[in-house]
Amino acid sequence: MDNSKFQDWGFPIDKMFLSAGPCSAESQAQVLETAQALAGQGISFLRAGIWKPRTRPGSFEGVGLKGLAWMDHARTETGLKIGTEVAEPSHVEACLEFGMDILWVGARTTTNPFSVQAIADALKGTDVPVLVKNPISADIGLWIGAIERLANAGLTRLGAIHRGFSSTLEMRYRNAPNWKMPIELKRRMPEIPLICDPSHICGKADLISGIAQEAMDLLFDGLMVEVHPDPSNALSDAAQQLTPDQFLSMVGSLELSHEQSDSPVFINRMSELREGVDELDSQLLDLLGQRMDIVRKMGKLKADQHVSTLQPHRWQEIVRDRIKKGSGLDLSEDFVLQLMQSIHEEAIRQQEANRLD
Ligand code: PEP
Ligand code: MN
C-alpha cells in the first residue's frame, strides 16, 4: 500500500484509501443514513450507483439523476466526498454539474473502447479523479487501454479497481479474483493506484474479509466496499453488502503489510532465500533451453516424415504424468497444467516456425 499515490487527490486517507456505500442509491433517506454511519470513520469517499448497468433488463436500473441530488445532500450534511459510476457522456455531464468528487468506469463499460473514449472525451478539460474497473473478461489490454484513453484526455488522477472476472467455472466467488491480472497491471503501470472491490469479487458478504485481507497482502492501495444500512432489503446486490458496523469492524481487523522491512534478520534471511530462488530459476531456464533443443530436433524429424506437429495422444500422456508427478511435490493440478500448456505452446511455436521456414 502506498498512500502517497493519492497525495494530490485531495481525499481524506486514514488507514488506506477507502470507498464505501451502497451498490445503488435507493432513496434520499438510505443515502443519508449510510453517509451518517460512515462519516468520521476515515472514509475517502461515499460510493453509490445512480445508473445501474444490469446484465438483463427488467431488474432495478438505478434511480437516475435524482440520486445525484441525494448524494450532494449527503455530502453537505456529513462532509463526505462522493463518487458514482459513469457509463456514457450524459452521465459525465450530469456528474460535472453536481461537482461529483470522483467517478468510476464500471466493468461492463471498460469492456467497450468506444464507450471509454466517449467518456474520456466528455471529461476533457477537467481533472476529476477517475477509477477504472477491470473489464469483465480477463483482458489486461482493455483495462490498460481504458486508463490510457483517460490519460490521453489529460486526466492525471487515475486509479484502477480490481473487481474480479466472469468465469463459467463453478467457484465460491461471483467473479474470479484471478490475482495475476491486477499483479500484472501493477507491473505495467506501477504509478497507478490499485484498489480492490471485494464485494463484486465475492458476491457474498461472509467472503469479503478474506478477499480484502488478500488484497492487503498483495499490496493493494485501498478498497471499495458495498455498504448498505439494511443489506437484505437492498434493491441490487443484496447478498454482498455489509452493514456499516460490519464494514467498519472488517476494516479494523485488516492487517496491513509493507513492501519492505528494516529488520536485519529479515533482510539477511530473505537475501539468502532469494539467492536460492535465483539459482533455481537459472537452472530452470537452462533446462527449458535444453528441452527446446530436443523439441526442435523432433520437429525436424516430424516434418521429414510428414508427421503432424501436434501429437494429441502423447500430449494427453504428458499432462497426465506431469500432474501426477506434480501432486507428489505439492504442486497444484492447475499450476502444473498451466505450466505444461505454456511449455507445449512454445514447443509447437518453435516446431512450426522451423517447418514453415
Ligand atoms: C458497482 O460498483 O456497483 C458495479 C456495478 O460494479 P461492476 O462494474 O464491478 O460490476
Ligand atoms: Mn453492486
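Lysine 180 is exposed in this predicted model, because its relative accessible area of 53% lies over the 50% mark used for that word. Lysine 180 has its place in helix H7, which covers residues 180-188. Between lysine 180 and isoleucine 294 there are 31 Å in space, taken from C-alpha to C-alpha, and the two are 114 residues apart in sequence. The points below turn to the metal site, the salt bridges, the surface patches and two residues with a positive phi.

**The manganese site**

- The manganese ion (ligand 2) is coordinated by four named residues, namely Cys23 through SG, His200 through NE2, Glu226 through OE and Asp237 through OD, at 2.1 to 2.4 Å.
- Along the chain, the donors of the manganese ion (ligand 2) follow the spacing C-x176-H-x25-E-x10-D.
- Glutamate 226 belongs to strand S8 (residues 222-226), while aspartate 237 sits in the loop between S8 and helix H10 (244-252), so this pair of donors ties together parts that are eleven residues apart in sequence.
- Are glutamate 226 and aspartate 237 buried or exposed? Both of these residues are buried, and for aspartate 237 the relative accessible area is 13%, which means that aspartate 237 falls under the 20% limit for a buried residue.

**Salt bridges**

- Side chains of opposite charge can pair when their charged atoms come close. The structure holds 15 salt bridges, and several of them are described here.
- Lysine 133 forms a salt bridge with aspartate 197, and the closest N and O atoms of the two are 2.7 Å apart. This pair links distant parts of the chain, with lysine 133 in strand S5 (residues 130-133) and aspartate 197 in the loop between strand S7 (194-196) and helix H8 (198-202), 64 residues apart. Both lysine 133 and aspartate 197 are buried.
- Arginine 174 forms a salt bridge with aspartate 237, where the closest N and O atoms are 3.1 Å apart. Arginine 174 lies in the loop between strand S6 (158-162) and H7, and aspartate 237 in the loop between S8 and H10, so their pairing ties together parts that are 63 residues apart in sequence.
- Aspartate 237 therefore appears both as a donor to the manganese ion (ligand 2) and as a partner of arginine 174 in a salt bridge. Aspartate 237 is buried, whereas arginine 174 counts as partly exposed because its relative accessibility is 35%.
- Arginine 269 forms a salt bridge with glutamate 272, with the closest N and O atoms 2.7 Å apart. Because these two residues are three residues apart in helix H11, about one helical turn separates arginine 269 from glutamate 272.
- Arginine 269 counts as partly exposed at 46% relative accessibility, and glutamate 272 also counts as partly exposed, at 46%. Elsewhere, Asp72, Arg75 and Asp101 are joined into one network by salt bridges that share partners.

**Patches on the surface**

- A patch of negative charge on the surface gathers Glu275, Asp278, Glu279, Asp281 and Asp286.
- One member of this patch, glutamate 275, has its place in helix H11 (residues 264-304), and glutamate 275 is exposed, with a relative accessible area of 57%.
- Another patch on the surface is nonpolar, covers about 370 Å² and is made by Leu329, Leu331, Phe335 and Leu339.
- Leucine 329, one of the residues in the nonpolar patch, is found in the loop between helix H12 (312-328) and helix H13 (333-356). Leucine 329 is exposed, and its relative accessible area is 61%.

**Residues with a positive phi**

- Aspartate 330 has a positive phi of about 70° although it is not a glycine. Aspartate 330 lies in the loop between H12 and H13, and at 75% relative accessibility aspartate 330 counts as exposed.
- Leucine 219 has a phi near 70°, which is a positive value in a residue other than glycine. Where is the place of leucine 219? Leucine 219 is in the loop between helix H9 (208-217) and S8, and leucine 219 is buried, with a relative accessible area of 17%.

Conventions:
Residues numbered from 1 in each chain as written. Chains lettered and ligands numbered in written order. Predicted model: local features only at pLDDT ≥ 70, side-chain atom pairs only at ≥ 80, totals over all residues. Heavy atoms only, no water. Patch = residues over 30% accessible without salt bridge, like charges linked within 9 Å, V, L, I, M, F, W, Y side chains within 5 Å. Areas by Shrake-Rupley, 256 points an atom, 1.4 Å probe, with all protein chains shown as cover. Salt bridge = Lys/Arg side-chain N within 4 Å of Asp/Glu carboxyl O. Lys, Arg positive; Asp, Glu negative; His and termini not counted. Charge placed at Lys NZ, Arg CZ, Asp CG, Glu CD. Helix = DSSP H or I, 4+ residues; strand = E, 2+ residues; numbered from the N terminus. Buried < 20%, exposed > 50% of the residue type's maximum accessible area, 1.4 Å probe, protein only. Donors = N, O, S within 2.8 Å, 3.2 Å for Na, K, Ca; no water.
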